[in-house]
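The following note collects points for a colleague's review. Please read it alongside the sequence and the coordinates.

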Amino acid sequence: MRIRPEQPGDEQGIRRVNIAAFDTDAEARLVDRLRMDASPLLSLVAIEHREIVGHLMCSPMRCDNQPRLQIFGLAPMAVTPAHQRQGIGSLLVDEAIEHAQNIGFDAMVVLGYPEYYPRFGFVPASRFGIHSTYDVPDEVFMALELRPGSLGVASGIVRYHNAFEALGDAH
Ligand SMILES: CC(C)(COP(=O)(O)OP(=O)(O)OC[C@H]1O[C@@H](n2cnc3c(N)ncnc32)[C@H](O)[C@@H]1OP(=O)(O)O)[C@@H](O)C(=O)NCCC(=O)NCCS
């Protein structure tokens, strides 16, 4: 098992992983759109026996009240069903956090399973006074400071890249 940044030629393998992990191809299309439109972008793949079995993408978000804050939105993330619950997702998240820190990002947010992300240090984003445009339970929208105190003055609404509008549900 190896985690590495996406390379040219990985596109189809990444599509396959996202389509296998989600019920629709919406996430696969989101990944294709972010690849074209979002910058900087973090796209990591998990490789086993030369095959892409996991994928994670992070794209920059904007905080209404703090436009200079560099926040990565972790989404989407997928591991092929046959490879789930073997720690691959965790390796991808660990690597994403390290990479985001290295390139100087302030924070990472995720909209996801509240049982999963706290193990990486994510806490409900509302603790920092930040909220998403999605109408979701408080514990589902989580944030992680990549530098201690980076979200201390954040408060506001953080917005995903426009490409997420195609997924719906945001207000
Ligand atoms: C979520 C996902 C990326 C995790 O990858 P993974 O390689 O299985 O993750 P790990 O092996 O590192 O960790 C497994 C943990 O993921 C969490 N998890 C996985 N699927 C879950 C689900 N459907 N509901 C709640 N938690 C889930 C659990 O906490 C699980 O821990 P456990 O095995 O102790 O119960 C993968 O399950 C997946 O692709 N799911 C379908 C697509 C998806 O929902 N993407 C994420 C949106 S936030």
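Is A163 buried or exposed? A163 is buried, because its relative accessible area is 3%, under the 20% limit for that class. The model under review is a predicted one, and the points below should be read accordingly.

1. **Surroundings of A163.** A163 belongs to the segment that comes after β9, the strand of residues 156–159. Leaving out residues up to four places away in sequence, A163 touches L30, R33 and L34. The pairing with R33 spans 130 residues in sequence, yet the two C-alpha atoms are 6.3 Å apart in space.

2. **N18 in helix α1.** Helix α1 contains N18. N18 counts as buried because its relative accessible area is 0%, where the class requires a value under 20%. Neighbours within four places in sequence aside, the contacts of N18 are T24, E27, A28, V31, H55, P76 and A78. One of these partners, P76, is situated in strand β4 and is taken up again under the cis peptide bonds.

3. **Helix α3.** This helix covers residues 88–102, 15 residues in total. From first C-alpha to last it reaches 21 Å, close to the 21 Å expected at 1.5 Å a residue. The buried residues of α3 are I88, G89, S90, L92, V93, A96, I97 and A100. In general, residues three or four places apart in an α-helix point the same way, because there are 3.6 residues a turn. The cover over the buried residues of α3 includes strands β1, β2, β3, β4, β5 and β8. After the helix comes G104, with a positive phi near 90 degrees.

4. **Largest nonpolar core.** This core holds 30 residues, of which I71, V109, I130, L151 and Y160 touch the most other members. Two or more residues come from each of α1, α2, β2, β3, β4, β5 and β8. Among the contributors, β3 gives the most, with 4 residues. The contacts of I130, counted without residues up to four places away in sequence, are V109, A125, F141, A143, L151, A154, S155 and G156.

5. **Second core.** A separate core of 27 residues is also present, and its members include I3, L74, V79 and I97. Of these, I97 is also one of the buried residues of α3.

6. **Largest pocket.** What is the volume of the largest pocket? The computed value is about 1,200 Å³. The lining comprises 33 residues, and F22, M77, G112, Y113 and Y117 are the closest to the centre. Elements α2, β4, α3 and β5 each supply at least two lining residues, and β4 gives the most, with 6. By class, the lining divides into 20 nonpolar, 8 polar and 5 charged residues.

7. **Second largest pocket.** The volume here is about 230 Å³. There are 16 lining residues, and those closest to the centre are S39, P60, M61, R62 and I71. Strand β3 gives the most to this lining, with 3 residues. The lining consists of 9 nonpolar, 4 polar and 3 charged residues. I71 therefore deserves attention in two contexts, as it also ranks among the residues that touch the most other members of the largest nonpolar core.8. **Cis peptide bonds.** S39 and P40 are joined by a cis peptide bond with omega about -5 degrees. P40 is part of the loop between α2 and β2, and S39 is one of the residues closest to the centre of the second largest pocket. A cis bond also leads from A75 to P76, with omega near -10 degrees. P76 sits in strand β4 and is among the contacts of N18.

9. **Positive phi at two arginines.** R50, although not a glycine, has a positive phi of about 65 degrees. It lies in the loop between β2 and β3. R50 counts as exposed because its relative accessibility is 83%, over the 50% limit. R85 is likewise not a glycine and has a positive phi of about 60 degrees. The loop between β4 and α3 contains R85. With a relative accessibility of 86%, R85 also counts as exposed.

Methods:
Residues numbered from 1 in each chain as written. Predicted model: local features only at pLDDT ≥ 70, side-chain atom pairs only at ≥ 80, totals over all residues. Heavy atoms only, no water. Expected span 1.5 Å × (residues − 1). Buried < 20%, exposed > 50% of the residue type's maximum accessible area, 1.4 Å probe, protein only. Contact = heavy atoms within 4.5 Å. 1 Å grid on protein atoms, 1.4 Å probe; cavity = no way out; pocket = protein on both sides within 12 Å on 5 of 7 lines; lining within 4 Å. Points joined across faces, edges and corners; volume = space filled by probe spheres on them. Nonpolar A, V, L, I, M, F, W, Y, C, P; charged D, E, K, R; others polar. Core = buried A, V, L, I, M, F, W, Y, C linked by side-chain atoms within 4.5 Å.
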